[in-house]
Amino acid sequence: MQRSLFIAATGMTAQQTNINTISNNLANVNTYGFKKGRAEFKDLMYQAIINPGAQTAEGLVSPTGEQIGLGVAPVAVGKIFMQGDVINTGNQLDLSVDGTGFFQILMPDGTISYTRSGAFKLDKDGKIVNDSGYPLEPEITVPSDTTALSISSDGIVSVTQNTQTTYSQIGQIELARFVNPAGLKAIGSNLYQETDASGAVDLGTASQNGFGSISQGFLETSNVNVVDEMVNMIVAQRAYEFNSKAIQTSDEMLQTANNLKR
(Lines give C-alpha, C1' and ligand atoms only; values in the text may rest on other atoms or scores of the structure.)
Protein backbone atom coordinates (compact mmCIF):
# COMPACT_ATOMS: atom_id res chain seq x y z
CA MET A 1 0.00 0.00 0.00
CA GLN A 2 2.98 2.26 0.55
CA ARG A 3 3.54 2.10 -3.21
CA SER A 4 0.45 4.24 -3.83
CA LEU A 5 1.82 6.92 -1.50
CA PHE A 6 5.00 7.28 -3.54
CA ILE A 7 3.14 7.05 -6.87
CA ALA A 8 0.79 9.86 -5.87
CA ALA A 9 3.77 11.88 -4.64
CA THR A 10 5.33 11.71 -8.12
CA GLY A 11 2.04 13.01 -9.49
CA MET A 12 2.08 15.98 -7.12
CA THR A 13 5.71 16.74 -8.02
CA ALA A 14 4.90 16.56 -11.74
CA GLN A 15 1.94 18.90 -11.37
CA GLN A 16 4.12 21.33 -9.43
CA THR A 17 6.40 21.46 -12.50
CA ASN A 18 3.31 22.01 -14.65
CA ILE A 19 2.16 24.91 -12.46
CA ASN A 20 5.67 26.40 -12.51
CA THR A 21 5.61 26.36 -16.33
CA ILE A 22 2.15 27.88 -16.51
CA SER A 23 3.13 30.57 -14.00
CA ASN A 24 6.16 31.49 -16.11
CA ASN A 25 3.94 31.74 -19.19
CA LEU A 26 1.50 34.04 -17.40
CA ALA A 27 4.32 36.13 -15.92
CA ASN A 28 5.60 36.78 -19.46
CA VAL A 29 2.26 37.53 -21.09
CA ASN A 30 3.50 41.08 -21.84
CA THR A 31 7.08 40.15 -22.75
CA TYR A 32 7.81 40.97 -26.39
CA GLY A 33 8.81 37.94 -28.46
CA PHE A 34 8.26 35.53 -25.56
CA LYS A 35 7.47 31.93 -26.52
CA LYS A 36 5.36 29.94 -24.13
CA GLY A 37 6.57 26.73 -22.56
CA ARG A 38 4.77 23.42 -22.18
CA ALA A 39 5.58 20.81 -19.57
CA GLU A 40 5.66 17.25 -20.87
CA PHE A 41 5.64 14.08 -18.80
CA LYS A 42 6.45 10.39 -19.06
CA ASP A 43 5.23 7.40 -17.09
CA LEU A 44 7.87 5.73 -14.93
CA MET A 45 8.93 2.08 -14.96
CA TYR A 46 6.43 -0.70 -14.35
CA GLN A 47 6.44 -3.56 -11.91
CA ALA A 48 5.34 -6.62 -13.89
CA ILE A 49 3.44 -9.06 -11.70
CA ILE A 50 2.37 -11.04 -14.79
CA ASN A 51 3.81 -10.22 -18.18
CA PRO A 52 1.45 -10.04 -21.16
CA GLY A 53 1.55 -13.37 -22.95
CA ALA A 54 2.79 -15.24 -19.91
CA GLN A 55 1.44 -18.78 -19.62
CA THR A 56 -1.36 -18.99 -17.06
CA ALA A 57 -2.41 -22.59 -17.66
CA GLU A 58 -1.82 -25.37 -20.15
CA GLY A 59 -2.34 -23.75 -23.54
CA LEU A 60 -3.48 -20.41 -22.07
CA VAL A 61 -1.64 -17.10 -21.88
CA SER A 62 -2.43 -13.85 -20.09
CA PRO A 63 -4.03 -11.49 -22.65
CA THR A 64 -2.99 -8.30 -20.86
CA GLY A 65 -0.70 -9.20 -18.01
CA GLU A 66 -0.56 -7.33 -14.73
CA GLN A 67 1.75 -4.34 -14.76
CA ILE A 68 1.66 -1.67 -12.10
CA GLY A 69 3.03 1.73 -13.03
CA LEU A 70 5.22 3.53 -10.53
CA GLY A 71 4.22 7.08 -11.27
CA VAL A 72 5.12 9.98 -13.51
CA ALA A 73 8.04 12.31 -14.04
CA PRO A 74 8.58 15.51 -16.03
CA VAL A 75 10.51 14.74 -19.21
CA ALA A 76 10.71 18.14 -20.88
CA VAL A 77 9.62 21.75 -20.80
CA GLY A 78 9.63 22.68 -24.45
CA LYS A 79 9.18 26.08 -26.10
CA ILE A 80 6.37 26.51 -28.62
CA PHE A 81 7.60 28.84 -31.36
CA MET A 82 4.18 29.79 -32.66
CA GLN A 83 3.98 33.33 -34.04
CA GLY A 84 2.72 35.88 -31.53
CA ASP A 85 0.38 38.74 -32.33
CA VAL A 86 1.96 41.85 -33.88
CA ILE A 87 1.19 45.34 -32.61
CA ASN A 88 1.83 48.66 -34.28
CA THR A 89 4.04 50.89 -32.12
CA GLY A 90 5.12 53.49 -34.66
CA ASN A 91 8.65 53.40 -33.20
CA GLN A 92 11.17 53.34 -36.06
CA LEU A 93 13.46 50.89 -34.22
CA ASP A 94 10.71 48.45 -33.25
CA LEU A 95 10.96 45.43 -35.57
CA SER A 96 9.01 42.23 -35.92
CA VAL A 97 9.73 39.09 -37.92
CA ASP A 98 6.65 37.87 -39.72
CA GLY A 99 7.45 34.21 -40.18
CA THR A 100 10.61 32.21 -39.61
CA GLY A 101 13.77 33.80 -38.23
CA PHE A 102 15.55 35.28 -35.25
CA PHE A 103 17.46 38.51 -34.83
CA GLN A 104 21.12 38.01 -33.92
CA ILE A 105 22.61 39.62 -30.84
CA LEU A 106 26.38 39.93 -30.15
CA MET A 107 27.07 39.00 -26.53
CA PRO A 108 29.89 40.51 -24.42
CA ASP A 109 31.86 37.23 -24.64
CA GLY A 110 31.82 37.35 -28.46
CA THR A 111 29.19 34.64 -28.92
CA ILE A 112 25.91 35.13 -30.77
CA SER A 113 22.49 34.81 -29.16
CA TYR A 114 19.14 34.88 -30.89
CA THR A 115 15.88 36.64 -30.15
CA ARG A 116 12.39 37.26 -31.49
CA SER A 117 12.11 40.50 -29.53
CA GLY A 118 12.68 43.41 -31.89
CA ALA A 119 12.49 46.27 -29.37
CA PHE A 120 15.78 47.89 -30.41
CA LYS A 121 17.32 51.18 -29.34
CA LEU A 122 20.37 53.28 -30.11
CA ASP A 123 23.31 53.45 -27.72
CA LYS A 124 25.49 56.52 -27.17
CA ASP A 125 27.57 55.65 -30.26
CA GLY A 126 24.56 55.22 -32.51
CA LYS A 127 24.73 51.40 -32.59
CA ILE A 128 21.45 49.50 -32.79
CA VAL A 129 21.22 47.53 -29.53
CA ASN A 130 18.66 45.47 -27.63
CA ASP A 131 17.14 46.28 -24.24
CA SER A 132 20.27 45.02 -22.46
CA GLY A 133 22.58 47.19 -24.60
CA TYR A 134 23.95 44.27 -26.63
CA PRO A 135 24.48 45.20 -30.29
CA LEU A 136 22.53 43.77 -33.19
CA GLU A 137 24.62 41.48 -35.39
CA PRO A 138 25.79 42.43 -38.04
CA GLU A 139 26.57 45.69 -36.27
CA ILE A 140 24.80 48.73 -37.67
CA THR A 141 25.63 52.28 -36.60
CA VAL A 142 23.20 55.10 -37.30
CA PRO A 143 24.95 58.43 -38.07
CA SER A 144 24.36 61.21 -35.57
CA ASP A 145 23.04 63.57 -38.26
CA THR A 146 20.32 61.13 -39.38
CA THR A 147 17.00 62.79 -40.11
CA ALA A 148 15.03 59.69 -41.14
CA LEU A 149 15.59 55.93 -40.79
CA SER A 150 13.95 53.26 -42.89
CA ILE A 151 14.16 49.46 -42.58
CA SER A 152 12.80 47.47 -45.49
CA SER A 153 11.09 44.09 -45.33
CA ASP A 154 14.35 42.42 -46.40
CA GLY A 155 16.27 44.11 -43.60
CA ILE A 156 18.05 46.90 -45.50
CA VAL A 157 18.67 49.85 -43.15
CA SER A 158 18.73 53.23 -44.90
CA VAL A 159 18.95 56.78 -43.61
CA THR A 160 18.77 60.35 -44.80
CA GLN A 161 21.29 62.80 -43.36
CA ASN A 162 21.24 66.56 -42.95
CA THR A 163 19.50 68.08 -45.96
CA GLN A 164 19.62 64.92 -48.10
CA THR A 165 16.35 63.82 -49.60
CA THR A 166 17.49 60.41 -50.81
CA TYR A 167 18.15 57.42 -48.58
CA SER A 168 21.56 55.78 -48.36
CA GLN A 169 22.09 52.23 -47.12
CA ILE A 170 24.08 51.82 -43.90
CA GLY A 171 23.62 48.10 -43.34
CA GLN A 172 21.40 45.06 -43.65
CA ILE A 173 19.86 42.93 -40.90
CA GLU A 174 20.43 39.18 -41.26
CA LEU A 175 18.06 36.60 -39.84
CA ALA A 176 18.91 33.22 -38.36
CA ARG A 177 16.91 30.01 -38.27
CA PHE A 178 17.31 26.49 -36.94
CA VAL A 179 16.02 23.07 -37.93
CA ASN A 180 14.76 22.55 -34.37
CA PRO A 181 14.14 25.91 -32.64
CA ALA A 182 12.63 24.05 -29.68
CA GLY A 183 16.17 22.80 -29.01
CA LEU A 184 17.49 26.32 -28.38
CA LYS A 185 18.61 27.12 -24.84
CA ALA A 186 16.71 29.98 -23.24
CA ILE A 187 19.15 32.15 -21.26
CA GLY A 188 16.77 34.92 -20.18
CA SER A 189 16.50 38.51 -21.41
CA ASN A 190 14.50 37.19 -24.41
CA LEU A 191 17.64 35.45 -25.71
CA TYR A 192 18.38 31.93 -26.92
CA GLN A 193 21.61 30.09 -27.59
CA GLU A 194 22.38 27.43 -30.17
CA THR A 195 22.75 23.86 -28.89
CA ASP A 196 23.42 20.46 -30.40
CA ALA A 197 19.67 19.83 -30.24
CA SER A 198 18.78 22.97 -32.20
CA GLY A 199 21.08 22.14 -35.09
CA ALA A 200 23.51 24.55 -36.74
CA VAL A 201 22.42 28.11 -37.43
CA ASP A 202 21.29 28.95 -40.96
CA LEU A 203 21.72 32.62 -41.86
CA GLY A 204 19.82 34.38 -44.59
CA THR A 205 18.08 37.45 -45.88
CA ALA A 206 14.61 38.34 -44.70
CA SER A 207 11.82 37.71 -47.21
CA GLN A 208 14.00 35.26 -49.15
CA ASN A 209 14.36 31.45 -49.15
CA GLY A 210 11.67 30.87 -46.56
CA PHE A 211 12.81 33.49 -44.06
CA GLY A 212 10.15 35.79 -42.62
CA SER A 213 9.87 39.45 -43.54
CA ILE A 214 10.82 42.32 -41.26
CA SER A 215 8.24 44.97 -40.37
CA GLN A 216 9.41 48.35 -39.08
CA GLY A 217 7.32 50.00 -36.39
CA PHE A 218 5.80 46.73 -35.20
CA LEU A 219 6.55 44.38 -32.30
CA GLU A 220 5.74 40.70 -31.88
CA THR A 221 4.01 40.15 -28.57
CA SER A 222 4.10 37.08 -26.35
CA ASN A 223 2.33 34.04 -27.81
CA VAL A 224 0.80 33.23 -24.41
CA ASN A 225 -3.00 32.94 -24.46
CA VAL A 226 -4.25 33.87 -21.00
CA VAL A 227 -7.50 31.91 -21.31
CA ASP A 228 -5.65 28.74 -22.36
CA GLU A 229 -3.22 29.13 -19.46
CA MET A 230 -6.04 29.59 -16.96
CA VAL A 231 -7.71 26.41 -18.22
CA ASN A 232 -4.37 24.57 -17.99
CA MET A 233 -3.91 25.91 -14.47
CA ILE A 234 -7.33 24.63 -13.39
CA VAL A 235 -6.57 21.19 -14.85
CA ALA A 236 -3.17 21.11 -13.12
CA GLN A 237 -4.67 22.24 -9.83
CA ARG A 238 -7.34 19.53 -9.97
CA ALA A 239 -4.72 16.90 -10.87
CA TYR A 240 -2.63 18.03 -7.88
CA GLU A 241 -5.70 17.75 -5.63
CA PHE A 242 -6.54 14.28 -6.96
CA ASN A 243 -3.00 13.08 -6.25
CA SER A 244 -3.12 14.51 -2.73
CA LYS A 245 -6.49 12.76 -2.31
CA ALA A 246 -4.84 9.48 -3.35
CA ILE A 247 -2.24 9.97 -0.60
CA GLN A 248 -4.98 10.73 1.92
CA THR A 249 -6.96 7.65 0.83
CA SER A 250 -3.90 5.42 1.06
CA ASP A 251 -3.21 6.75 4.55
CA GLU A 252 -6.79 6.03 5.60
CA MET A 253 -6.51 2.49 4.20
CA LEU A 254 -3.31 1.97 6.21
CA GLN A 255 -5.07 3.27 9.30
CA THR A 256 -7.96 0.86 8.68
CA ALA A 257 -5.53 -2.05 8.38
CA ASN A 258 -3.77 -0.95 11.55
CA ASN A 259 -7.08 -0.93 13.45
CA LEU A 260 -7.96 -4.53 12.55
CA LYS A 261 -6.20 -5.76 15.67
CA ARG A 262 -6.81 -3.96 18.99
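Throughout these legends, rings of Phe, Tyr and Trp (its six-membered ring) are taken to pair if their centres lie within 6.5 Å, and planes under 30 degrees apart count as stacked, over 60 as edge-to-face and the rest as tilted. The structure is a predicted model, in which local features need pLDDT of at least 70 and side-chain atom pairs count only at pLDDT 80 or more, while totals for chains, interfaces and linings use all residues. Residues are numbered from 1 along each chain as its sequence is written, and side-chain values use heavy atoms, with hydrogens and water left out.

**View 1. The whole protein chain, with 2 helices and 22 strands.** Helices (H or I, at least four residues) and strands (E, at least two) are DSSP runs, numbered from the N terminus. The C-alpha trace spans about 100 × 45 × 35 Å along its principal axes. The radius of gyration of the protein chain is 27 Å, whereas a compact globule of 262 residues would have a value near 18 Å; this radius is taken over C-alpha atoms, and the globule rule is 2.2 Å times the number of residues to the power 0.38. Buried residues make up 34% of the 262 residues, where buried means under 20% relative accessible area, exposed over 50% and partly exposed in between (1.4 Å probe, protein chains only). Among contacts (heavy atoms within 4.5 Å) between residues at least 6 apart in sequence, 62% join residues at least 24 apart.

**View 2. Helix α1 (residues 2-27) and what covers its buried residues.** Helix α1 has 26 residues and reaches 38 Å from its first C-alpha to its last, close to the 38 Å expected at 1.5 Å a residue, the expected span being 1.5 Å times one less than the number of residues. The buried residues of α1 include Ala8, Gly11, Met12, Gln15, Asn18, Ile22 and Asn25. An α-helix has 3.6 residues a turn, so residues three or four places apart point the same way. The cover over the buried residues of α1 includes β1 (37-43), β6 (72-79) and α2 (226-258).

**View 3. The salt bridge between glutamate 220 and lysine 35.** A salt bridge is a side-chain nitrogen of Lys or Arg within 4 Å of a carboxyl oxygen of Asp or Glu, and in this pair the N to O distance is 2.4 Å. Glutamate 220 lies in strand β22 (residues 218-220) and lysine 35 in the loop between α1 and β1, so the pair ties together parts that are 185 residues apart in sequence. Both glutamate 220 and lysine 35 are buried.

**View 4. The salt bridges of lysine 121 and lysine 124.** The side chains of lysine 121 and aspartate 131 meet at 2.2 Å, N to O. This pair links distant parts of the chain, with lysine 121 in strand β11 (residues 121-122) and aspartate 131 in the loop between β12 (128-129) and β13 (136-137), 10 residues apart. Lysine 121, at 38% relative accessibility, counts as partly exposed. In the salt bridge between lysine 124 and aspartate 125 the N to O distance is 3.4 Å; lysine 124 is exposed, at 77% relative accessibility, and aspartate 125 is partly exposed, with a relative accessible area of 46%. Elsewhere, Lys35, Arg116 and Glu220 are joined into one network by salt bridges that share partners, and the structure holds 8 salt bridges.

**View 5. Aromatic pairs, of which the structure holds 6.** Phenylalanine 103 and phenylalanine 120 pair edge-to-face, at 5.2 Å centre to centre and with 90° between the planes. Phenylalanine 103 is in strand β9 (residues 102-106) and phenylalanine 120 in the loop between β10 (112-115) and β11, 17 residues apart, and both residues are buried. Tyrosine 114 and phenylalanine 178 also form an edge-to-face pair, at 5.0 Å centre to centre and with 80° between the planes. Here tyrosine 114 is in strand β10 and phenylalanine 178 in the loop between β17 (174-177) and β18 (185-188), 64 residues apart; both are buried. Ring pairs link Phe81, Phe102, Tyr114, Phe178 and Tyr192 into a cluster.

**View 6. Backbone details in the loops that hold proline 138, asparagine 162 and serine 189.** Most residues other than glycine have a negative phi, and most peptide bonds are trans. A cis peptide bond, with omega about -5°, joins glutamate 137 and proline 138, and proline 138 is found in the loop between β13 and β14 (146-151). Asparagine 162, although not a glycine, has a positive phi of about 50°; asparagine 162 sits in the loop between β15 (156-161) and β16 (168-172) and counts as exposed, at 53% relative accessibility. Serine 189, likewise not a glycine, has a positive phi of about 55° and lies in the loop between β18 and β19 (191-193).
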